[in-house]
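Reader: I'd like a close look at a single part of this one, the core and whatever sits around it. Start from the outside if that helps, and take your time.

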Amino acid sequence: MWFGNSLAPAEDGTVNGTLDLLGETKRLLLRAPQERDLKEIADLWTDPRATEHIGGPRDRDMVLDSFREYAADPYACAQDEGERWWSIVEPSSGQLVGLCALLDKEIDGQIETELGYFLLPAHWGRGYATEAARPVVEHALSELGLESLVAIIHPENAPSVGVARKLGMEFDRQLLRPDGVVRHLYRSRR
Ligand SMILES: CC(C)(COP(=O)(O)OP(=O)(O)OC[C@H]1O[C@@H](n2cnc3c(N)ncnc32)[C@H](O)[C@@H]1OP(=O)(O)O)[C@@H](O)C(=O)NCCC(=O)NCCS
């Protein structure tokens with residue numbers, strides 16, 4: 001079982017390099033969040049539709065503060081908080097369309113790594129989430145050496161279930177989260 005403290009960067013710098021730039025897919029670029037992404041990131045986390053199944057709109061200033069801090073030092077946040085975020089960018093426009101993440105979470109007393117994918121609604125329905133999340137899954141299971149990866153999904157979030165299934169994740173179990181909400185756990189194994 002892999003635990004959060006193995007987030008330490010690899011000696012050869014591979015993991016550091018990956019945090020800066022995870023790679024390019026056919027249509028998208030995955031790189032560390034930057035100052036110039038902050039407006040779109042805040043738009044995403046304050047959007048009622050985008051956050052409908054993930055806890056509702058957040059406070060804009062709080063989002064700006066935490067992503068500004070992340071952008072300033074992604075390595076420290078990966079190391080200290082067990083959080084790795086990548087901006088999903090359309091290379092042609094340089095615009096942020098969403099975010100992908102690997103987040104350490106305690107689930108039923110175990111530290112698991114959660115895969116997160118979040119898009120601004122203008123970019124839904126084009127297969128972007130699946131395309132962007134695929135290299136994140138590969139990175140987690142190969143370079144980071146995780147044995148498995150989970151997605152924690154609101155039972156009514158059909159598009160998210162669609163993405164998880166297209167990524168090869170399977171329904172694992174129903175969860176009752178500490179705040180009393182029910183979620184479905186999907187899992188991908190190495
Ligand atoms: C979930 C989310 C990332 C999906 O992004 P997306 O790029 O539109 O997803 P994709 O186009 O890659 O694929 C979604 C799949 O779900 C399916 N889907 C979409 N809406 C659906 C619905 N209402 N019912 C059933 N399936 C649906 C799609 O048909 C697609 O599958 P297909 O390619 O086999 O047709 C996007 O809706 C989003 O950002 N939502 C808000 C944030 C969020 O909830 N994130 C997930 C946290 S667990």
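Author: Let's start with Arg68, which sits in helix 3, residues 60–72. This is a predicted model, so treat every number below as computed from it. Arg68 has 13 C-beta neighbours inside 10 Å, and because a residue needs 20 or more to be buried, Arg68 counts as partly exposed. As for separation, Glu90 is 22 residues away from Arg68 along the chain, and their C-alpha atoms are 21 Å apart.

Now for the inside. The largest nonpolar core holds 40 residues, and the ones with the most contacts within it are Trp86, Ile88, Cys100, Ala132 and Ala133. Quite a list of elements puts two or more residues into this core: helix 2 (38–45), helix 5 (128–141) and helix 6 (158–166), together with strand 3 (83–90), strand 4 (95–107), strand 5 (110–119), strand 6 (148–153) and strand 8 (182–189). Helix 5 supplies the largest share, six residues. That fits a general pattern: in soluble globular proteins, nonpolar side chains tend to be buried together.

Trp86 is a good place to stand and look around. Once you leave aside neighbours within four places in sequence, Trp86 is in contact with Leu22, Leu30, Arg31, Ala32, Leu99, Cys100 and Val136. Two of those names lead to a hairpin. Strand 1 (residues 21–24) and strand 2 (residues 29–31) pair in the antiparallel sense over three bridges, with four residues joining them. Within that pair, Gly23 faces Leu30 of strand 2.

Val136 takes us back to helix 5. This helix has 14 residues and runs 21 Å from its first C-alpha to its last, close to the 20 Å expected at 1.5 Å a residue. Its buried residues are Tyr128, Ala129, Ala132, Ala133, Val136, His139 and Ala140. As for that spacing, an α-helix has 3.6 residues a turn, so residues three or four places apart point the same way.

Strand 6 is mostly covered too, with five of its six residues buried. Strand 6 pairs with strand 8 in the antiparallel sense over six bridges, and Ile152 stands opposite Leu185 in strand 8.

Then there's the ligand. It has 21 residues around it, and Leu119, Ala129, Ala158, Pro159 and Gly162 come nearest. Strand 5, helix 5, strand 6 and helix 6 each give two or more residues to that shell. Helix 6 gives the most, five residues. By character, the shell splits into 13 nonpolar residues, seven polar and one charged.

Two more spots on the outside round this off. Past strand 8, the following segment holds Arg190, which counts as exposed because it has 11 C-beta neighbours inside 10 Å. Even so, Arg190 touches Leu141, Leu146, Glu147 and Ser148, not counting residues up to four places away in sequence. Its C-alpha lies 9.5 Å from that of Val137, although the two are 53 residues apart along the chain.

The other spot is Asp108, in the loop between strand 4 and strand 5. With 9 C-beta neighbours inside 10 Å, Asp108 counts as exposed. Its backbone deserves a glance: phi of Asp108 is near 50 degrees, a positive value in a residue other than glycine. For context, most residues other than glycine have a negative phi.

Terms used: Residues numbered from 1 in each chain as written. Predicted model: local features only at pLDDT ≥ 70, side-chain atom pairs only at ≥ 80, totals over all residues. Core = buried A, V, L, I, M, F, W, Y, C linked by C-beta atoms within 7 Å. Buried ≥ 20, exposed ≤ 12 C-beta atoms within 10 Å, placed from the backbone. Contact = placed C-beta atoms within 7 Å. Near = placed C-beta within 6 Å. Nonpolar A, V, L, I, M, F, W, Y, C, P; charged D, E, K, R; others polar. Expected span 1.5 Å × (residues − 1). Pairing = 2+ DSSP bridges.
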